[in-house]
Amino acid sequence: MPAAIYLLSLCIFAMATSEFMVAGMMPSLAAALHASLADVGNLVSAFAASVVVGGPLLTWRLRAVRRKPALLGLLAVFLIGQLIGATADGYPQMLASRIVCGVAQSAFFGVALALAGELVGMDRIARAAGLVLNGLMLASVAGLPMATLLDQYWGWRPAFWLVAALVGLAMLGIAARVPAGEPPACQQAGGEWRALARPALWAAYLSSGLIIGAVFAAFTYLAPLLLRVSGFSPAMVPLLFGVYGAATVLGNLVTGRLADRHTRRVLQGGVLTLFAVMLALALGAQWQALAVAGVCLLGLAGLPMNPAMVARVVRAGGAGPMVNSLHMAVVNLGLMFGAWAGGLCLDAGWGLRAPLWLGAGLALLAWLSLGLDRRGDSWQAKARPVDVSV
């Protein structure tokens, strides 16, 4: 793989760490910003909302810009947002930081995956996407604990400064190792809209949103389930989350290698595994051995379906930045819906197993959605050529 693929993964690692770390330092931020925990929680929501709304709009504005300048510009915007957060002395500044970073991150994902498609070709897009998105997995395994540790010993600002330094380092690497590339071939609005009008693309978007919704309906409320239903001690929960994170990294590497040639089988197998895991945990979470196995399988078959989801989207609508940025927005919508709907189940008094039943239902809907484009060619590894510059 080209060195640029690994640099893009470093960028995603830094950006995702910035997104996740607010959740790990909520008490410190609440005290420093003179805000409630609910207000700090809204910073997470603001970041996600910026990804959904602002990212595609910014990507549209960048559709005629070469990949390298676009990447460097988006990293610069993200760095500015991160510096606003590092120097914030009040809630409005921190909110502005989260919005700026969210918009830049979403657009960066779109351009980065488009560049990956150009560098490796369509026959290896899933593997390249798996390596790029491994930065996202590593952010949950290493980035979030690192930021939380910094917050506990030295305060929350050093974590913001460290992420800013990582972004600056990534900018130097992109400037030195990423080729300038050719101007995007499709600069007319018609080319973008033709790609976005394909029914197979929206079928792929629907599947991605449902899959991620199923994962986060369960994952968001996994800690209280492990504590109150499975009976694990509080000291065991971080260890189990570490196992989950390691499983996501391993699963992402495996699916990245398989998804180019076996996109449909990877997605079908992953969704059926998700359904079975949710069902098993909903019925048997009281047994610790089954709970541990469920955590491992959820890590292996949940987020690691990202490379296959990207491959399906690319073959349905092209590898252009707008297509990928909208995919990122749909994934975040799925994440937000899964967590929100799971919370509604708890508020309704249905118990800690209710989000698992919800996740199982969403996984079943995702499996059904995989058949919506069976007559199309988006499943085929050697389908008609797709213009990656759309």
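How many residues does helix 9 have, and how far does it reach from its first C-alpha to its last? In this predicted model, helix 9 has 21 residues and reaches 30 Å between those two atoms, close to the 30 Å expected at 1.5 Å a residue. Of these 21 residues, 17 are buried, so helix 9 is largely enclosed by the rest of the structure.

**Confidence**

The protein chain has a mean pLDDT of 85, and 92% of its residues reach 70 or more. Among the elements of the chain, confidence is highest in helix 16 (residues 354-369), at a mean of 96, and lowest in helix 8 (residues 189-196), where the mean is 65. Over residues 375-390 the pLDDT is below 50, although this stretch has 45 contacts in the model beyond near neighbours in sequence. Where pLDDT is low, the predicted coordinates should not be read in detail.

**Helix 7 and what covers it**

Helix 7 (residues 157-177) also has 21 residues, which at 1.5 Å a residue should span 30 Å, and its end C-alpha atoms are 30 Å apart, in agreement with that expectation. The buried residues of helix 7 include Ala159, Phe160, Val163, Ala164, Leu166, Val167 and Ala170, and further along the helix Met171, Gly173 and Ile174 are buried as well. An α-helix has 3.6 residues a turn, so residues three or four places apart point the same way. What covers the buried residues of helix 7 includes helix 1 (3-24), helix 4 (67-86), helix 5 (91-120) and helix 6 (125-154).

**Empty space**

A search of the whole structure finds one cavity of 30 Å³ or more. The residues that line the largest cavity are Ala204, Ser207, Ser208, Ile211, Leu267, Met309, Arg312 and Val313, and the elements that give two or more residues to this lining are helix 9 (199-219) and helix 14 (306-317). The largest pocket has a lining of 45 residues, of which Phe20, Ala23, Leu144, Phe216 and Phe219 are the closest to its centre. The table sets the two spaces side by side.

| Space | Volume | Element giving the most to the lining | Lining by residue type |
|---|---|---|---|
| Largest cavity | about 30 Å³ | helix 9, four residues | five nonpolar, two polar, one charged |
| Largest pocket | about 1,600 Å³ | helix 6, 10 residues | 30 nonpolar, 14 polar, one charged |

**Two single residues**

Asn252 lies in helix 11 (residues 236-258), where it is buried, with a relative accessible area of 0%. Not counting residues up to four places away in sequence, Asn252 touches Gly130, Leu133, Asn134, Met137, Pro304 and Pro307. The C-alpha atoms of Asn252 and Val65 are separated by 30 Å, and these two residues are 187 residues apart along the chain.

Is His34 buried or exposed? His34, which lies in the loop between helix 2 (26-33) and helix 3 (37-61), has a relative accessible area of 72%, and because this is over 50% it counts as exposed. His34 also has a positive phi of about 55°, although it is not a glycine.

Technical notes:
Residues are numbered from 1 along each chain as its sequence is written. This is a predicted model: local features need pLDDT of at least 70, side-chain atom pairs count only at pLDDT 80 or more; totals for chains, interfaces and linings use all residues. Side-chain values use heavy atoms; hydrogens and water are left out. pLDDT is the predictor's confidence in each residue, from 0 to 100. Contact means heavy atoms within 4.5 Å. The expected span of a helix is 1.5 Å times one less than its number of residues. Buried means under 20% relative accessible area, exposed over 50%, partly exposed in between (1.4 Å probe, protein chains only). On a 1 Å grid over the protein atoms alone, a cavity is a set of points where a 1.4 Å probe fits but cannot get out, and a pocket is an open set with protein on both sides within 12 Å along at least five of seven lines; lining residues have an atom within 4 Å of a point. Grid points are joined across faces, edges and corners, and a volume is the space filled by probe spheres set on the points. Ala, Val, Leu, Ile, Met, Phe, Trp, Tyr, Cys and Pro count as nonpolar, Asp, Glu, Lys and Arg as charged, and the others, Gly among them, as polar.
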